Amino acid sequence: MAFSPPLPSPHSQCQSCGACCAQYRVSFYWQEAVQRGLDESMLVQVSPWRVCFLGTEQNPVRCVNLEGTVGSCVSCRIYEQRTTPCRSVEAGDEKCLQARAAHGLGPLR
Ligand code: SF4
Ligand code: SF4
């Protein structure tokens, strides 16, 4: 979930991936949504204190903020406002590789 660092970068493959944004429920405390100025229309309440991004509460998962085609060319519509769980996935880590595998994508080069 690290889409647009300048090239060259070890994360440059995120821009042709997006698998983690179409694999996991992306939930966080409602207060983070307020602090980041996220519009309510992109959120779903999942508990008294937590919300998730619309589209990540369902199956198949796809975050409402993900644009493009997974495995081809993607971007995050709210990249500067993306949340803690978005930022916690690092290209090449376990969650990344699991998400990529689930979408038929191999390990990072
Ligand atoms: S699954 Fe990995 S490579 Fe793909 S967008 Fe997420 S962090 Fe980047
Ligand atoms: S907000 Fe952006 S980085 Fe976070 S899951 Fe959605 S598309 Fe991915």
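**Why the labels fit: a Q and A**

Q: Arginine 62 is found in the loop between strand S3 (50-53) and S4; why is arginine 62 called partly exposed?
A: Buried means under 20% relative accessible area, exposed means over 50%, and partly exposed is in between (1.4 Å probe, protein chains only). Arginine 62 has a relative accessible area of 33%, so partly exposed is the label. Helices (H or I, at least four residues) and strands (E, at least two) are DSSP runs, numbered from the N terminus.

Q: What should I know about this model before reading on?
A: It's a predicted model, in which local features need pLDDT of at least 70, side-chain atom pairs count only at pLDDT 80 or more, and totals for chains, interfaces and linings use all residues. Residues are numbered from 1 along each chain as its sequence is written, chains are lettered from A and ligands numbered from 1 in the order in which they are written, and side-chain values use heavy atoms, with hydrogens and water left out.

Q: What makes up the fold, and in which order do the elements run?
A: The protein chain has three helices and five strands. Starting at the N terminus, the order is β-α-β-β-β-β-α-α. Of its 109 residues, 39% count as buried.

Q: Why do arginine 36 and glutamate 32 count as a salt bridge?
A: The label needs a side-chain nitrogen of Lys or Arg within 4 Å of a carboxyl oxygen of Asp or Glu. Here the closest N and O atoms are 2.7 Å apart, and the pair qualifies. Glutamate 32 is buried at 13% relative accessibility, while arginine 36, at 28%, is partly exposed.

Q: What makes glutamate 67 and arginine 77 the partners in another salt bridge?
A: Their closest N and O atoms are 2.9 Å apart. Glutamate 67 sits in strand S4 (residues 66-69) and arginine 77 in the loop between strand S5 (73-76) and helix H2 (84-88), so the pair ties together parts that are ten residues apart in sequence. Glutamate 67 is partly exposed at 33% relative accessibility, and arginine 77 is partly exposed as well, with 47%. A search of the whole structure turns up two salt bridges.

Q: How do you know that the buried residues of helix H3 line one face?
A: Within H3 (residues 94-102), Cys96, Ala99 and Arg100 are buried. Looking down the H3 axis, the buried residues fall within an arc of 100°, so one face of the helix is what they line. That arc is taken over the directions from the helix axis to the C-beta atoms. Glu94 and Ala101, on the other side of H3, are exposed.

Q: How do you know that tryptophan 30 can belong to a surface patch?
A: Patches take residues with over 30% relative accessible area and no salt bridge, joining like charges within 9 Å and nonpolar side chains (Val, Leu, Ile, Met, Phe, Trp, Tyr) within 5 Å. Tryptophan 30, in helix H1 (residues 30-35), has 38% and is partly exposed. With Tyr29, Val34 and Trp49, Trp30 makes a nonpolar patch of about 500 Å². Areas come from the Shrake-Rupley method.

Q: What makes the shell around ligand 2 mostly nonpolar?
A: Eleven residues surround ligand 2 (a heavy atom within 4 Å), and the closest are Cys21, Phe53, Cys63, Cys76 and Cys86. By class, the shell has ten nonpolar residues, one polar and no charged ones. Cys and Phe are among the residues that count as nonpolar.

Q: Why is cysteine 21 called buried?
A: Its relative accessibility is 7%, so buried is the label. Cysteine 21 lies in the segment before strand S1 (27-29). The C-alpha atoms of cysteine 21 and valine 70 are 8.8 Å apart, although 49 residues separate the two along the chain.

Q: What makes the bond between asparagine 59 and proline 60 stand out?
A: Most peptide bonds are trans. The one joining asparagine 59 and proline 60 is cis, with omega about 5°. Proline 60 is in the loop between S3 and S4.

Technical notes: Areas by Shrake-Rupley, 256 points an atom, 1.4 Å probe, with all protein chains shown as cover.
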